[in-house]
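Got the model open in your viewer? Let's walk through it stop by stop, with something to select at each one.

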Amino acid sequence: MKVLVLGYGNPYRGDDGVGPLLAERIAQWLASLGEAVELWVGQQLLPELAEDLANHDVVVFCDASAVPLKDGFLLEDICVSSDPEGLTLHSVSPQWLLGLAQSFAGHAPKAYLLSVEGDSFDFSEGLTARCEERAKAALQCFQIWWKSGNDSAVMI
C-alpha cells in the first residue's frame, strides 16, 4: 500500500505549524512499520499535488484547526469535491484536491484529515504546550486506528 502524508501550515505562526510536525511523526511511524510512505510538507495545499494523490492508495492530510474540537483533535474520512466555491490561491481544500486527482486519474485514494486544535496562531515558532499535548494524543489515536485496519469510517 502506498501512503502519502501531507502536513500543511505555517511553522512561523505558532500552532499553525502542527500540521507539518504531525505529518513528519506519522510518516516516520508508518515507515517504521514497513509501509511505503511519502511525506510532503508545506504552508498550504497546492493544485500541483493532485497528481501525487492519484498515485497513492491512502492519503492523510494533517492540519491545525482554529475551531474547538471535542477531544482537541479529529480524524475523519474526507470525500471528493469538485465544487470550486470559495476556492482561492490560499484555500485549496483537501476535498477539492481529491476531486482534481479524480479528474486526472479517474479515481481518488482513500483520504483522511487529522486536525489538531490550536490555541495561538500569532507570529512565533513552536507549538504551545497544549497544542503539543493534543498532537501527541492525535498521533496515539492515529496509531491505534491504523493498526485496527483503517478501513472503517472514522470520527475519532
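Start by selecting helix 1 and colouring its buried residues: V18, G19, P20, L22, A23, I26, A27, W29 and L30. Here buried means under 20% relative accessible area, exposed means over 50%, and partly exposed is in between, using a 1.4 Å probe and protein chains only. Helices (H or I, at least four residues) and strands (E, at least two) are DSSP runs, numbered from the N terminus.

Some ground rules before you go on. Residues are numbered from 1 along each chain as its sequence is written, and side-chain values use heavy atoms, with hydrogens and water left out. This is a predicted model, where local features need pLDDT of at least 70 and side-chain atom pairs count only at pLDDT 80 or more, while totals for chains, interfaces and linings use all residues.

Back to helix 1. Show what covers its buried residues, and you'll find strand 1, strand 2 (36-42), strand 3, strand 5 and helix 4 among the elements there. Contact, throughout this tour, means heavy atoms within 4.5 Å. Try the distance tool on the end C-alpha atoms: they are 21 Å apart, which agrees with the 21 Å that 15 residues should span at 1.5 Å a residue. That expected span is 1.5 Å times one less than the number of residues. Just past the helix, click G34, which has a positive phi of about 90 degrees.

Next, add helix 4. The axes of helix 1 and helix 4 come within 11 Å and cross at roughly 35 degrees; axes are lines fitted to C-alpha atoms, for helices over the stretch in contact, with angles from 0 to 180 degrees between N-to-C directions. On the helix 1 side, the contact includes L21, R25 and W29, and on the helix 4 side it includes A135, F142 and W146.

Now hide helix 1 and look at helix 4 alone. Its buried residues include C131, E132, R134, W145 and W146. Strand 4 (73-77) is one of the elements covering them. Just after the helix, G149 has a positive phi of about 115 degrees.

Time for the rings. How many aromatic pairs does a search of the whole structure find? Five. Rings of Phe, Tyr and Trp (its six-membered ring) pair if their centres lie within 6.5 Å; planes under 30 degrees apart count as stacked, over 60 as edge-to-face and the rest as tilted. Select W29 and F142, an edge-to-face pair at 6.3 Å centre to centre with 80 degrees between the planes. This pair links distant parts of the chain, with W29 in helix 1 and F142 in helix 4, 113 residues apart. Then pick W145 and W146, also edge-to-face, at 6.1 Å and 65 degrees. Add Y112 to these four and you have one aromatic cluster.

For your next stop, select D63 in strand 3. Is D63 buried or exposed? It is buried, because its relative accessible area is 18%. Leaving aside neighbours within four places in sequence, D63 is in contact with residues including Y8, D16, G19 and L114. The C-alpha atoms of D63 and L114 are separated by 6.5 Å, although the two are 51 residues apart along the chain.

Finish at helix 3, whose buried residues include P94, W96, L97 and L98. They pack against strand 1 (2-8), helix 2 (50-54), strand 3 (58-65) and strand 5 (110-117). Last click: G106, which follows helix 3 and has a positive phi, near 85 degrees.
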